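Good morning, colleagues. I should like to use these few minutes to discuss strand pairing in one chain.

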Amino acid sequence: MSNREKILSAVRANQPELTALPEIGSLKSLADKANLLTQFTTVATNIGAKVFEVKSLAEVKTIIQNKFGAEKRVVSTIAELSDIADTKEYLGDLPVELADVELAILQSDLAVAENGAVWITEEQMGQRVLPFITQHLAVLVNTKNIVATMHDAYSSISITTQGFGAFVAGPSKTADIEQSLVIGAHGPRSMSLFLFNED
Amino acid sequence: MSTTSTKDHAELAGQFNADEKRVDWHDETLWWIRQKRDKAVNQLPEWELLRETASKIKEHGLSNLSNYLEEFEANAQANGITVHWAADAKEHNEIVHGIIKKHGVNRMVKSKSMLTEECHLNEYLTENGIEVVDSDLGERIVQLAKEPPSHIVLPCIHKKKEEIGDLFHEHLGTPAGVSDPQVLTETARQHLREVFLTRKIALTGVNFAVAETGEFVVCTNEGNADMGAHLSEVHIASMGIEKIIPKREHLGVFLRLLTRSATGQPITTYSSHYKKPRPGQEMHIVIVDNGRSVQLGRKDFRNSLKCIRCGACMNTCPVYRRSGGHSYHNAVSGPIGSILAPNLDMEKYADLPFASTLCGSCSNVCPVKIDIHDQLYKWRQVIVKAGYTTKAKTAGMKMMQWTLSSPGIYHAAGKAGRMVMKYAPFAVNNALNPWYKQRDMPKPPVESFDDWYKKNRGNK
């Protein structure tokens, strides 16, 4: 008998009588749907992200240029930012060749008010390693895409989506040494969220 | 393997208690994390409904586990992932080693996986000439110190920053005497970045595996699992059979509970959903039983398989906070470890269910409502019946039984105890009495309740 069969038959023999799967619909309706923008901004700020409310892409560019020097490597999956970032070349790089990226500017179509996280798909990353290996991360979010809770978030993520996706909530961090919070563990040292409102 | 040759919880806790200041720090720090958990939890009016729902989803998942495992396997394979099955720790280690050998490399980077701790994978690979670097900061620290993690979420919570500074000075070249967490973390970042960029094989744990989609979710704050996995050519993910959840929408329930319970954060920085390998990458999942199917058959203890490894039961436990994770001499320590370990080896871990006050705080904070303290109590019955308690405990219990079974002896013993503590306190306040360790004995009452009752109410 193969390992697989051995394990499955042991599980089959020992698992208890079938119980019902609970409904989770009632959890969705309980969520606080008021002031999603304020809630998202407050929570994201609390977990270490910097939130900018912007009116246009030009405003985003100005903030980025003031914040980050022009000499460092900046990449983006947003075609309209091709004048301040590499939006094509880096796609042909090996993942390790992204080690010197200073700033990655990505887009997210789903943000969660209760925990300040944004959902970033593989396509929005360009390369899977990008949101993790970059020294700094910036994400553009349309405020109409802010949902209340994780239940709402999963309702709007297609089940057949790509090979990889991640909720990203703030910059990377650790408190492993005496519970002292240090921002910038292995991933980005900062996370900027640019919130815009567009129908 | 017998209890006499292994140091038990009380003895190891005694060692930890030698440094009273450190115990106080440990106790207060973990309690502070417990308070952060409370603060996060109190912001959600639906918390109890969430816990109940999570518990029921896990209950259902366990009741249909064989089907969900098959569904998960089929979907993962359709996604291009190779699925392996390991009946025990040895098979798990051999499978991982086999994949590494096939690729002709001799080093690997690993993110946090309590399962690989349980299987002693690092030791096995090292013996076979494979270098393993743990990439979670806390795990890297204990690896450099040649120690196991003492907490499933906070692996080096037992260490002071000065000790970590000494380790980094010795192994990573920081100047002597540097102990600033900011500086030490930056040093680890540079050191591990080099590791991430040069390892072809990365191993991660699995927080949740979704039967419906064949994907698995890995949660970290540091980003180390993702750095390792996305830079590697081969990604191996190790998971116990109990990590399966039926549907993707259930992730919403568990991700809301996990980090709030663990550290009081609303969610981990990264909740990464791995579904397919990157083009050109190889992805493997090793599904491990290692005693879990046996635990599934133990009616009183199967609920322990609902655990999502948040560590809340440790942070709240008055015994864990004052005895340290290493006193549990098992990969998973604390209350949950004490109900999981006896399933693996009842004799070796016979002491653990007794390392509890049965106060029930663990069960109250558990996000999936495991009846932890009830199970600790039930394991005691099983262990005593199986004859695995120490001679001293058995003799003590017999003496108690004799004393409590006769009112005459009970009253005489009570009187004798009060006399001794009043007139000859040195007879109990000494090293021979385990109750005196790290404690002062209480002042004896002037009279027993029985004497008081006779005097004041006896003639009414």
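Before the pairs themselves, one definition: two strands are taken to pair if DSSP finds at least two bridges between them. Please bear in mind throughout that this is a predicted model.

Let me begin with the edge strand β1 of chain A, residues 50-53. It runs parallel to β11(A), residues 190-196, and 4 bridges join the two. Within this pairing, Lys50(A) has Ser192(A) of β11(A) as its bridge partner. Phe52(A), in turn, stands opposite Phe194(A) in β11(A).

On to the next pairing of β11(A). Strand β6(A), residues 136-142, is also parallel to β11(A), with 7 bridges between them. Here Val139(A) is matched with Leu193(A) of β11(A).

How is the sheet as a whole ordered? It is an open sheet of 5 strands with parallel pairing, in the order β1-β11-β6-β3-β2 of chain A. Because β1(A) and β2(A), the latter spanning 73-76, have a single partner strand each, they stand at the edges, and one side of each lacks a neighbour in the sheet. On average, neighbouring strands here are turned by 20° against each other, with direction ignored.

Finally, why is β11(A) described as largely enclosed by the rest of the structure? The reason lies in burial: 6 of its 7 residues are buried. For that count, a residue is buried if 20 or more other C-beta atoms lie within 10 Å of its own.

Thank you for your attention.

Conventions. Residues numbered from 1 in each chain as written. Chains lettered and ligands numbered in written order. Predicted model: local features only at pLDDT ≥ 70, side-chain atom pairs only at ≥ 80, totals over all residues. Helix = DSSP H or I, 4+ residues; strand = E, 2+ residues; numbered from the N terminus. Axes fitted to C-alpha atoms, helices over the stretch in contact; angles between N-to-C directions. Buried ≥ 20, exposed ≤ 12 C-beta atoms within 10 Å, placed from the backbone.
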